[in-house]
Amino acid sequence: MGKLISLISFVVLFLAACEPEYIPTPPTMLAPSTQAAVSTNIPLSTNRPQPTSIPLATQGPLRVNPAQRAAITSLSSTLNLPADQIKVISAQAVTWPNGCMGVQRMGVICTDQQVPGYIIVLAVNSKQYEFHTNRDGSEIVPSEGIQTSGTAQDVVKKYLASALGMDTGQITVASDTEVEWPDSCLGVAQDGVMCAMIVTPGHLITLQANSLQYEFHTNEDGSEIQPATLALTWKRNGGIAGFCDSLTVYLSGEVSGDNCKADVRNGRLLSTEMTQLETWITQFGQINLDASDPVNASDRMTRQLSLFGNGGAQPSRADPQALFSWAQDLYLRLYK
């Protein structure tokens, strides 16, 4: 019996020695894209949109992206400094929770639509400035007020010079009147934009360039600028698709659109569009066009366009169609 027990013990020890050592299986790692998706489900401690870092464009006027360029131009105009003295510190992609791009101003009512855009931080010497923009830089607001350098006239002249692609020396001030605007929109009503009824001290400034006059409404220091010289308005309503679209174009190139979804969008004319508009403005006087369907037509669509020119010529037979096509193409580009 003693020999049998010894034999069994030997076999057990032999098998234990031959069994491979146990190594814990490492946990399965999520793919990078899956990890990112999981992390976005973690509740944020603030309402500020979670930024995503993007590579900075190399510093220089031809290498920055449109949103960075718009921020530089805005700060350059506000501080009355050359653009080459401004550095881009960071740019982060975000989706803003509202039409004010996350910057709430007293008396300003924000739409609820989300706006893809950027947080852009600029620096002048050791001081930094944060701007919130949409994706293409056509809408831009500083995260907090920036003290302007120079008068409201200086700021507006630089703004128009940038819009028209000319030097400020080619622009003259025709008039500058101190006013109290009746609302937060500086007295300029726009389709789809609600203005708080809060009195805002400011200026009505009229500039002259290339034989044309441009009216601007500003607050006291010129940190808020609203173009006020209408160049063209366009509307279409009805039809099978149920359109209710409108477009407002200002002489200095700003564009504002609105539609049935209360989706207000802002942008700027391209250089080719600006050239064509200026040609019509100098050629024709004020003209009102109506290309609506007959009153009794089924699914009737109305199409109306007004051009606020200062010329004396009358449009030819082909001009109305060209104007309507130009406006519709511009609207489609704004809402693409």
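This is a short tour of one sheet, its helices and a disulfide in the structure above. Keep in mind that the model is predicted.

Let's start with the sheet. It is open and built from 6 strands. The order is β13-β12-β11-β10-β15-β14, and the pairing is antiparallel. Which strands stand at the edges? They are β13, residues 265-268, and β14, residues 286-290. Each has a single partner strand, so one side of each is left without a neighbour in the sheet. From one strand to the next, the twist averages 10 degrees.

Now zoom in on one pair. Strand β11 covers residues 243-250, and strand β12 covers residues 254-258. They pair in the antiparallel sense over 4 bridges. Look for T248: S256 in β12 stands opposite.

Next, what lies across this sheet? Helix α5, residues 271-283, lies across β10, β11, β13 and β15. Here β10 is 230-238 and β15 is 301-308. The helix runs at about 75 degrees to β15.

Helix α5 also has a helix partner. That is α6, residues 319-334. The two axes come within 12 Å and cross at roughly 145 degrees. The crossing of α5 and α6 is left-handed. Which residues make the contact? From α5, we have E273, Q276, L277 and W280. From α6, we have A322, L323, W326, L330 and R333. By class, the contact of α5 with α6 has 6 nonpolar, 1 polar and 2 charged residues.

On to a second helix pair. Helix α3 is residues 66-79, and helix α4 is residues 152-164. Their axes come within 8 Å, crossing at roughly 150 degrees. The two helices are therefore roughly antiparallel to each other. The crossing of α3 and α4 is right-handed. On the α3 side, the contact uses T73, S76, S77 and T78. On the α4 side, look for V155, K158, Y159 and S162. This contact of α3 with α4 divides into 2 nonpolar, 5 polar and 1 charged residues.

Last stop: disulfides. How many does the structure hold? There are 2. I'll show one of them, joining C185 to C195, with S to S at 1.9 Å. The angle about the S-S bond is -100 degrees, and the link of C185 and C195 is left-handed. Where do these cysteines lie? Both C185 and C195 lie in the loop between β6, 172-181, and β7, 200-209. So the pair ties together parts that are 10 residues apart in sequence.

Conventions. Residues are numbered from 1 along each chain as its sequence is written. This is a predicted model: local features need pLDDT of at least 70, side-chain atom pairs count only at pLDDT 80 or more; totals for chains, interfaces and linings use all residues. Side-chain values use heavy atoms; hydrogens and water are left out. Axes are lines fitted to C-alpha atoms, for helices over the stretch in contact, and angles run from 0 to 180 degrees between N-to-C directions. Angles under 35 degrees count as roughly parallel, over 145 as roughly antiparallel, 65 to 115 as roughly perpendicular and the rest as oblique. A crossing is left-handed if the near helix is turned anticlockwise from the far one by less than a right angle, and right-handed if clockwise. Contact means heavy atoms within 4.5 Å. Ala, Val, Leu, Ile, Met, Phe, Trp, Tyr, Cys and Pro count as nonpolar, Asp, Glu, Lys and Arg as charged, and the others, Gly among them, as polar. Two strands pair if DSSP finds at least two bridges between them. A disulfide is a pair of cysteine sulfur atoms within 2.5 Å.
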